[in-house]
Amino acid sequence: MFDFDKAPNRKGTNSVKWDNADARFGGKNLLPMWIADMDFAVAPAITEAIHKKADQAVFGYTFLSDAYYDAVIHWMKTRHNFDVAKEEIVFTPGVVPALDFAIQLLTQPGDDVLVEVPVYGPFYRMISKNGCNIVETPLKNDNEYYTFDFEDLESKITDKTKVFMLCSPHNPSGRVWSREELTRLADICKRHDLYVIADEIHNDLVLEGEHIVFATLNDWTASHTITCTAPSKTFNLASILDSNIIIKDKELREKFAEKCASAHVSSSNCFVEPVVTAAYTQGAPWLDELLEYIKGNRDYVCDFISKHIPEITVHPMEGTYLAWLNCEKLGLHGDDLVAFISKCGVAMNNGSFFGEKWDGYCRMNLACPRENVVKGCKMLEEGISALRK
Ligand SMILES: Cc1ncc(COP(=O)(O)O)c(C=O)c1O
């Protein structure tokens, strides 16, 4: 029904991914497979909703009505079996600001925040900007499959540890954590009285297995979790600036909402409601097809790399549209690896964005037409085979 083989031309549209890639990575006409947005046109219902709103021709102050909250509640129930009430949802204009507010709320400067690494770069930044200590628990890399190291995780907890930050599904590895893994994690957090900030922005992008909402595991996780959700990754709406932070505990939620209000970020722009309502009430068929298409891209990349580029290993991508490539066998790290990949003609995030130790890795964005995935793989193969000589 939807043609993901075609994508609008994004060059010259103020696209960070397309228009900033050359300057950022140092190259000319690089194929951008970096920052996490998609090249696909959004679901038609979303474009229609924007046109309809634009036709009203007045863009004054607005509020989010029940229609918006009903759409979010419907989506969380039908896609995630997550029962949410209207009053449990706090709007923020993005997940990163919500991570910032959540840390401010749950910690004092000098406290420890425990986090599984590697992880999405702003996790580190939000912890340190609030004067807290980043305490890392490295994920176990079991033959290029990441799992929690529960012994290490628990051993890192002290009286100073107040929060565990969870990225679920996990960026950059694409792991979709199982119920067993999350339950074991919850047991540890409960034992040590930690709050959990669960960044579940990739919750809908699941290719294998099932996304389990951390807050739904049991009564304790329900009352000790700040769940960060958004339609932005799912429906390619990053610049619409909308996220829904779900907090079951009333006192915690009210304090969180106060933080948002005092930072003057508690009201949305007038396109948020029509866009998000269209996405969450009419977008499911588009998303289901998209996931099949992304699976095809993932399978192509895994197959191509395993056959033609023995220097690279791809982590099994169970979720997200981001492939995590171990390039350590190339013997290049950090800026040298970035420069080499750009010389191949491709722009990819260096692993150091996710933690210093992973500067021999790259993250490849597969949310683009297959043609570009094929092109990106071929360019890498050509560049790497020249390196072998
Ligand atoms: C785990 C994770 N959290 C948050 C974000 C960004 O969220 P936002 O653009 O809503 O601030 C991203 C973007 O890639 C992400 O991967």
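Two strands pair if DSSP finds at least two bridges between them. The exercises below apply this criterion, among others, to a predicted model.

**Exercise 1. The open sheet**

Task: Establish which strands form the open sheet of four strands, in what order they lie, and which of them are the edge strands.

Solution.
1. The order of the open sheet is 11-12-15-14, and its pairing is antiparallel.
2. Strand 11 (313-314) and strand 14 (349-350) each pair on one side only, which identifies them as the edge strands.
3. Strand 11 and strand 12 run antiparallel and are joined by two bridges. With at least two bridges required for pairing, this contact qualifies.
4. The residues can now be assigned. Thr313 has Asn326 of strand 12 as its bridge partner, and Val314 stands opposite Leu325 in strand 12.
5. Strand 12 also pairs with strand 15 (residues 361-365), in the antiparallel sense and over five bridges. Within strand 15, Arg363 is the bridge partner of Trp324.
6. As to burial, four of the five residues of strand 12 are buried, and the strand is therefore described as mostly covered.

**Exercise 2. A parallel pair**

Task: Determine how strand 7 and strand 8 run relative to each other, parallel or antiparallel, and state how far strand 8 is enclosed.

Solution.
1. Strand 7 (residues 161-167) and strand 8 run parallel and are joined by five bridges.
2. One residue pair illustrates the register: Leu166 has Ala198 in strand 8 as its bridge partner.
3. For burial, the cut-off is 20 or more other C-beta atoms within 10 Å of the residue's own. Five of the five residues of strand 8 (residues 195-199) are buried, so the strand is largely enclosed by the rest of the structure.
4. Both faces take part in this: Tyr195, Ile197 and Asp199 lie buried on one side, and Val196 and Ala198 lie buried on the other.

**Exercise 3. Helix 5 and the ligand shell**

Task: Assess the length and burial of helix 5, and describe the residues around the ligand.

Solution.
1. Helix 5 (residues 95-106) contains twelve residues and reaches 16 Å from its first C-alpha to its last, close to the 16 Å expected at 1.5 Å a residue.
2. Nine of the twelve residues of helix 5 are buried, so the helix is largely enclosed by the rest of the structure. Among them are Val95, Pro97, Asp100, Phe101 and Leu106.
3. The ligand has 13 residues around it, of which Ala36, Gly94, Val95, Val96 and Tyr120 come nearest. Val95 thus appears both in this group and among the buried residues of helix 5.
4. By class, the shell around the ligand comprises eight nonpolar residues, four polar and one charged.

**Exercise 4. The two domains**

Task: Describe how domain 1 and domain 2 are placed, and characterise the side of domain 1 that touches domain 2.

Solution.
1. Domain 1 covers 16-43 + 284-384, and domain 2 covers 58-282.
2. Their C-alpha centres lie 25 Å apart.
3. In the contact between them, 29 residues of domain 1 meet 30 residues of domain 2.
4. On the domain 1 side, helix 13 (284-308) and strand 12 (322-326) each supply at least two residues. Helix 13 provides the largest share, five residues.
5. That side divides into 17 nonpolar, seven polar and five charged residues.

Key: Residues numbered from 1 in each chain as written. Predicted model: local features only at pLDDT ≥ 70, side-chain atom pairs only at ≥ 80, totals over all residues. Domains from an automatic or database assignment. Contact = placed C-beta atoms within 7 Å. Nonpolar A, V, L, I, M, F, W, Y, C, P; charged D, E, K, R; others polar. Near = placed C-beta within 6 Å. Expected span 1.5 Å × (residues − 1).
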